[in-house]
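Have the sequence and the coordinates open while reading. The paragraphs below go from a helix contact to one chain and then to some backbone details.

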Amino acid sequence: MPSTSTYYKIFALLMILAFATTGIAFIDLGIFNPIVAMLIAVTKATLVVLFFMHVRYQGRLTFVFAIAGFCWLLILLLLISTDYLTRAWLPIPGAIPPMGF
Amino acid sequence: MAASTEPLVGRTPNYLNAEHSVKSWLLTTDHKRIALLYLVSITLMFALGGIFAMLIRIELITPQGDLLSSDSYNRAFSMHGIIMIFFFLVPSIPATLGNFLVPMMVGARDLAFPRINLLSWYLYIAGAFLMLYVMATGGVDTGWTFYAPFSSLFSNGRVTLTVLAVFIVGFSSILTGLNFIVTIHTMRAPGMTWGRLPLFLWAHYATAVIMVLATPVLAVTTMMLGLEHVFHIGIFDPALGGDPILFQHLFWFYSHPAVYIMILPGMGVVSELIACFSRKRVFGYGFVGFASLAIAILSFLVWGHHMFVSGQSVYAGMVFSILSFLVAVPSAIKVFNWTATMYKGSISYDTPMLYALGFIGLFTMGGLTGMMLATLGIDVHVHDTYFVIAHFHYIMVGGAVMAYMGGLHFWWPKITGRMYPEIWGRISATIIFLGFNLTFFPQFIAGYLGMPRRYHAYSPEFQVYNVLSSAGASILAVGYLMPLIYFFWSIRYGLRASENPWGATGLEWKTASPPPTENFEQPPIVLEEAYHYSDEEAPIA
Amino acid sequence: MPEAAASPFHSRMKHQFETLAQQHHADTLGMWVFLGTEVLFFGGLITAYVLYRTAYSAAFAHASLTLDIVSGTIMTVVLLGSSLTMAMAVHASHLGNRRALAVFLILTIVLGLGFLGIKGHEYYQKWEDHHIPGPGFVWDGTDARAAQLFLYFYFALTGLHALHMIIGAGIMGVLLLQTALGRVRTYTVEVSGLYWHFVDIVWIFLFPLLYLVDRHK
């Protein structure tokens, strides 16, 4: 189990990332804005999971359980995108217009 | 193989006679008692769903919509679907046989979280009572699929309460799955490695994974549907720029894996039955076990095949079609392995085996017609026709319900300490098989010829198929009534069962019938593989 | 299997288990399974949001600007702080330090309630601005329909999150009571901590998703 100093260090990192994500939002990175924001969020979440939730210090099984939900969410996101990203490619007469995609 | 006729000396203490008060049943944390609580509730809901089925089949004897108005008919088939799927099929084997057997098969005293197990039953009951109230106050007419925007904005049925009931019963499902996963991971007896687990447990583990990962999406989707129905504002509303197809995506993201929740436990039962009544280990144990996991994972990748003609992108349709072909492979692997298990086995045709054999044949037919539906071109023709209805009833009734009946008969002596009357078991299994085929085979034809589903009236050229189907349904009903009667009869008058009347392998057969509350006198130690059948182990004749 | 740390707040071993270590392992896995279900529960809504944001990116960006980024950042900081105090509380329970445990639980609850207070204020602002989707909706711009969609997601996602926070605060309250009565168990604190951290993680994602849409424009 981690020591209190580890907890404080991780907290400091989290704070830096929190301010960073807000700050970077004001810089125009075009398409990369949401990507960077998500990357920072994933990093923060990973730090919380590994250190505050002790997954770093427990077995591989706990790690698999911790990550399974996120992997499944990715399946939902990716497969559902196959519809929304490709609906405009072959518009079917009378079909529901693809939401402005 | 007959049950032992040796009477038990006296009445040994077991989980049934441990305590007699109503409170000891309603506040029990014993997984075996909870299994029985579920058994009673599920049987009642099955009967209710069956009544709606009879209404449908009686209406459809004549082409005109004369028994029920179209609105009443909509409510009848909606209630039939909602009750049968959410309140019967999804819980059926896991909540009854699974709850009873999972701890015993791993060699534990109970599940990991007994109080959560009881909570799951109460959630089921709460959902069921809500549904009864919905029924009594007009029902819902959206179909069990609740498609938006009809269900969210236009239906005048009891949509909000129905989705609330489904939401609640979904959590019952999640808690059951959670319990199974943790139990199988952490509470296996010494020597019970993953490679020695009965295939029943592999199947229930895979089912539990689906329950836990899919059901929350249904929960949040029904929640959004309910909010939209109540507040008339929502994300599925085209007037706001919303997409009704999004509802279908989210709904089927659960509901397709849900059909595997309904069939996987049945496959687990069939593995046990085939092995026992062929007196042979399951051929390709590893393949069958991993096929269960493969089915669980692949089941999440195919939901779009319900939406080929909904307005979904054609390219997404192609992706889902190919993936749907893929998901048939592990199911087929199982069928081949069961067949190979029987080859050169010593087959006996006791009632459970009759159900298992029926399962293999009917599931295969249902599965093959599923592949036809997965084919984009064919689906355009048969979508929303009776072809689809026949397909899923072959799997759900010809498959899942037959496996459930087979399992009930097989483990009945363990659960109650009594044997059912074997001759009546075989008769009713045969009646069910014949009645089932007469009911649903004509529906394939009617659907292929174009008869649409969810209509109370139809074109007269389909009448002959509908009459055959309704006749079959009456026979099927008789077939289901018989076990209800003789199971009740057996509790009082059935032959007392020994520890292992079938001569089967598995830890549950190494303790008394019915088992003591703590399951085993001493925690078992496992030294053999799962299906250590051999000629020397012929059961007591 | 993880070794249970030595602590005077011993759990009582339940009859279905063989060892306390087995029970702890089961409890941890059980909570992770539950958190997995929560990921998919929020995930369904988030998936829908991601799709609509991509479809109506301009309108969603416009609507996102009506959210106060300062209070959003403060809420993020507050919640991260509460995760720190939660981790410290778990640490204290492992060491058997009842007073430290109580102090950190109180801090966690206070920070959680602080978050809820700021959120409540935000909701009140939205109500005053007539930005609640529905009949009373008033919008400055041509994209009122998509703006309503955005705000629907805003209320649904943050509302669901707030509900989970309230439940979490309730759980912490119960733990505090148990600590005061001398009946707290280390493992209950540990497993409840997992739930609290998870609710924090949900906000870690909600904040950029909802508040940081094209802020630079």
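Are α8(B) and α1(C) parallel, perpendicular or oblique to each other? The model is predicted, and the angle has to be taken from its helix axes. Helix α8 of chain B covers residues 199-231 and helix α1 of chain C covers residues 20-55; the two pack at an angle of about 40 degrees, with their axes 8 Å apart. Angles under 35 degrees would count as roughly parallel and those of 65 to 115 as roughly perpendicular, so α8(B) and α1(C) are oblique to each other. The crossing of α8(B) over α1(C) is right-handed. On the chain B side, the contact is made by B:Val212, B:Leu213, B:Pro216, B:Val217, B:Ala219, B:Val220 and B:Thr221. On the chain C side, α1(C) contributes C:Val33, C:Gly36, C:Thr37, C:Leu40, C:Phe41, C:Gly44 and C:Leu45. Sorted by class, this contact of α8(B) with α1(C) has 10 nonpolar and four polar residues, and no charged ones.

The helix α1(C) belongs to a chain with six helices and zero strands. Along the sequence, chain C reads α-α-α-α-α-α. The C-alpha trace of chain C spans about 65 × 30 × 30 Å along its principal axes. Of the 217 residues in chain C, 53% are buried. Among the contacts in chain C with a separation of 6 or more, 76% are between residues 24 or more positions apart.

Chain B also has backbone details to look at. Most residues other than glycine have a negative phi, and most peptide bonds are trans. In the loop between α5 and α6 of chain B sits B:Phe146, whose phi is positive, near 50 degrees, although the residue is not a glycine. B:Phe146 counts as buried because it has 25 C-beta neighbours inside 10 Å, where 20 or more are needed. The loop between α5 (114-136) and α6 (150-154) also holds B:Pro149. The peptide bond joining B:Ala148 and B:Pro149 is cis, with omega about -5 degrees.

A second cis peptide bond, with omega about -10 degrees, joins B:Ser513 and B:Pro514. B:Pro514 lies in the segment after α16 (463-493) of chain B. The loop between α15 (422-448) and α16 of chain B contains B:Arg454. B:Arg454 is not a glycine, yet its phi is positive at about 65 degrees. With 15 other C-beta atoms within 10 Å, B:Arg454 is partly exposed, whereas B:Phe146 is buried.

How values were computed. Residues are numbered from 1 along each chain as its sequence is written. Chains are lettered from A and ligands numbered from 1 in the order in which they are written. This is a predicted model: local features need pLDDT of at least 70, side-chain atom pairs count only at pLDDT 80 or more; totals for chains, interfaces and linings use all residues. Helices (H or I, at least four residues) and strands (E, at least two) are DSSP runs, numbered from the N terminus. A residue is buried if 20 or more other C-beta atoms lie within 10 Å of its own, exposed if 12 or fewer, and partly exposed in between; C-beta atoms are placed from the backbone. Two residues are in contact if their C-beta atoms, placed from the backbone, lie within 7 Å. Axes are lines fitted to C-alpha atoms, for helices over the stretch in contact, and angles run from 0 to 180 degrees between N-to-C directions. Angles under 35 degrees count as roughly parallel, over 145 as roughly antiparallel, 65 to 115 as roughly perpendicular and the rest as oblique. A crossing is left-handed if the near helix is turned anticlockwise from the far one by less than a right angle, and right-handed if clockwise. Ala, Val, Leu, Ile, Met, Phe, Trp, Tyr, Cys and Pro count as nonpolar, Asp, Glu, Lys and Arg as charged, and the others, Gly among them, as polar.
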